[in-house]
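The following exercises are intended for a reader who is meeting this structure for the first time. Each task is followed by a solution in steps.

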Amino acid sequence: MSKKAKPKPEVHEYQAEMQKLLEILVHSLYTEREIFLRELVSNASDALSKVQLTTLTEEKVLDKDTELQITISLDEEQRKIVIEDSGCGMTKEELVENLGTIANSGTLKYLEQLQTENKSAENLIGQFGVGFYSVFMVADRVELTTRSWQEDAKAWQWSSEGGGQYEIIPVDFKQRGTRVTVFLKEDAKEFCSEWRLESIIKKYSNYLPFPVKVKDKTINQVKAIWTQSKSEVKDDEYKEFYKQISHGQQDPFHHLHFNIDAPIQYYALLYFPESVGNEVLYARESKDIALYAQKVLIQTGNTDLLPSYLRFVNGVVDSEDLPLNVSRENVQKNVLIEKIKNSLTLRVLKELQTLAEQNVEKYGKFWQTYGTLLKEGVSSDFKNKDRLKDLLRFNSSISEDSSTDVTLKDYVSRMREGQKDIFYVTGGSREAILHNPNLEYFRRQGLEVLFLTDQIDDFMVVDLRDYDGKTLKNISQGDIEGINDSDMSGAESSLSKEEKSDILAFFKKQLKDRVSEVSDSKRLVDSPCSLVTPKDGMTAQMEKMMKMMDQKFQGEKRNLEVNMGHPIIQNLSEILQKNKKHPFLKETVEQLYENSLLVEGLLENPVQILSRYQMFMESASAYELEKLNRVE
Ligand code: ADP
Ligand code: MG
């Protein structure tokens, strides 16, 4: 026991502003109380960084060789937590300056405004540092003992109960650094648990550059692997880190590690997972990016660092330019974040481009998993649309099967002389498309047609619009232009002009307003009929989708094109000329129409055509029998 009389504490009133600030801060700024530890630990880490630099630049530094570390101890009985660092410490002047005043004069006004508007501290980022005071969310008293790195500096103890004042008193404290003793409120005793503290540190501070020790055990990883250079990180470390952040066992499909200095400094370590679940596919936004500022986690599940269509990307972004005291809302609408977002997006797209060029097989796999999402990008990311166009893959009429895809660039390089447009057709599958009569003309001409089989394609292609100055044209639409008009003259027909117009009129009379128009086809070769969407009309795929969403949805009327050279049509014409009322005429027209619907996948009740088929077979079998009897 010291015989000296205890020095009388110096009592300081907080700046009036400071008192208000404390009140606001404790009651409304942060929602998660556990972040007080993140703030204290990150202050300790900052102090260690400072003294690290000081040691490099100054000659005389107290405890020059002491280990740079943060130690945490606790005392359950007294409900206290002690966080100690061997950092730069503070002089008395610094104490008053740093823990008694508000650094930025605009801060309070700003916070008050937020409070009256009942908003969280939006755009707080970069404005001021108030992390330390978050300790009063959990503490009813805080003692901070500190000794500056300057060799002749004395040690001081700052203490406060978070009310209107704080005290400063000289103390006996030999070592350099700061010790913060937190006396927990009764309702915050949950934090006085080794396990709890460790898990909070792991959650928020795992990659701080200095060891954080609880009972001599280092809790954190110490090195931030994303801040290391690529050559320093082993492949296994990338994988391990991925497993940790994805809380899973799967290896990543691909990773991307880089750092940028301008227009804003940041490190990024991003991963593309091997597979993607529906929860990601159908989610609205990206949420797997952890945002660090100066190696301290400030936000998990960030939704603002990547556009929605890149929501499969997982990883860490760490910027030295972002301040720490940011709550979730503040990150949004921040200019710095916007800059990082633009830069990140570009890097991801460039990486995909490189992958597509250098590893076709791997990109193919990527496309199988994530293609749908990139298509979303075509419709939403106008800035990067051209880049995205080159990342698209399509099945095509020249593909051998449904798994070999082509690029738009390939397509254009194969375009025939005189070909103005890029042709495509939509359908449920490659199989279904191959049966589409509208494809016949293009096959005969050897013109390549892209097969769009994804549900999203109908929407995407509208936004895609063109590539390399060539328009994308749906071959199921009415206004298709071939290479030249003479190619588009339709199949040879023996029918006269009058006979043609009679049969077309009959079709129209029978189908009435189920079709908008019946016309002589210029494109059909092997099929008798085909339904064609009017220019700018809704494709069959899109109609199906609308019907799925709305049972009562009425599709648009289509044009029926009739192949005048087809034997069925020529026979019908002859029957028509002989007997306008022959029942076979009506049934055949109905059947041809329904066949066309069937091909497009638009026939609502395919079973209904069975009875008519039986009738046709009856008639055909009678005809065959008659032929046989004639021969006998
Ligand atoms: P910020 O860290 O954003 O500056 P804080 O409210 O967390 O804001 O801390 C205020 C200031 O107090 C810090 O800038 C620093 O100068 C000082 N400080 C806090 N904790 C420590 C510490 N452990 N060692 C040295 N200085 C500290
Ligand atoms: Mg701080």
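**Exercise 1.** In which loop is the place of Pro263?

Solution. The model is a predicted one. Pro263 lies in the loop that runs between strand S10 (254-260) and strand S11 (266-272). The next step is to inspect the peptide bond between Ala262 and Pro263: this bond is cis, with omega at about 5 degrees.

**Exercise 2.** Determine the strand order of the open sheet that contains S21, S22 and S23, and identify its edges.

Solution. The sheet is open and has 3 strands, in the order S21-S23-S22, with mixed pairing. Strand S21 (515-520) and strand S22 (529-532) each have a single partner strand, so they stand at the edges, and one side of each lacks a neighbour in the sheet. From one strand to the next, the twist averages 25 degrees. Turning to one pair, S22 and strand S23 (residues 558-562) are antiparallel and are joined over 4 bridges. Within this pair, Cys529 has Val562 of S23 as its bridge partner. Finally, helix H16 (residues 497-511) packs on the sheet and touches S21, S22 and S23. The direction of H16 makes about 165 degrees with that of S21.

**Exercise 3.** Describe how H16 packs against helix H19 (residues 583-600).

Solution. Two packed helices are described by the angle between their axes and the distance between the axes. For H16 and H19, the angle is about 75 degrees and the axes are 10 Å apart. Angles of 65 to 115 degrees count as roughly perpendicular, so H16 is roughly perpendicular to H19. On the side of H16, the contact is made by Phe506, Phe507, Gln510 and Leu511. H19 contributes Leu585, Lys586, Val589, Glu590, Leu592 and Tyr593. By class, the residues of this contact comprise 7 nonpolar, 1 polar and 2 charged.

**Exercise 4.** Is His566 buried or exposed?

Solution. His566 is located in the loop between S23 and helix H18 (567-578). Its relative accessible area is 13%. Buried means under 20%, so His566 is buried. Leaving aside residues up to four places away in sequence, His566 touches Asp526, Ser527 and Pro528.

**Exercise 5.** Examine the backbone and the exposure of Arg79 and Lys512.

Solution. Arg79 is not a glycine, yet has a positive phi of about 55 degrees. Arg79 sits in the loop between strand S2 (70-75) and strand S3 (80-85), and is partly exposed, with a relative accessible area of 23%. Lys512, also not a glycine, has a positive phi of about 45 degrees. Lys512 is in the loop between H16 and S21. With a relative accessible area of 53%, Lys512 is exposed.

Technical notes: Residues are numbered from 1 along each chain as its sequence is written. Chains are lettered from A and ligands numbered from 1 in the order in which they are written. This is a predicted model: local features need pLDDT of at least 70, side-chain atom pairs count only at pLDDT 80 or more; totals for chains, interfaces and linings use all residues. Side-chain values use heavy atoms; hydrogens and water are left out. Two strands pair if DSSP finds at least two bridges between them. Helices (H or I, at least four residues) and strands (E, at least two) are DSSP runs, numbered from the N terminus. Axes are lines fitted to C-alpha atoms, for helices over the stretch in contact, and angles run from 0 to 180 degrees between N-to-C directions. Contact means heavy atoms within 4.5 Å. Angles under 35 degrees count as roughly parallel, over 145 as roughly antiparallel, 65 to 115 as roughly perpendicular and the rest as oblique. Ala, Val, Leu, Ile, Met, Phe, Trp, Tyr, Cys and Pro count as nonpolar, Asp, Glu, Lys and Arg as charged, and the others, Gly among them, as polar. Buried means under 20% relative accessible area, exposed over 50%, partly exposed in between (1.4 Å probe, protein chains only).
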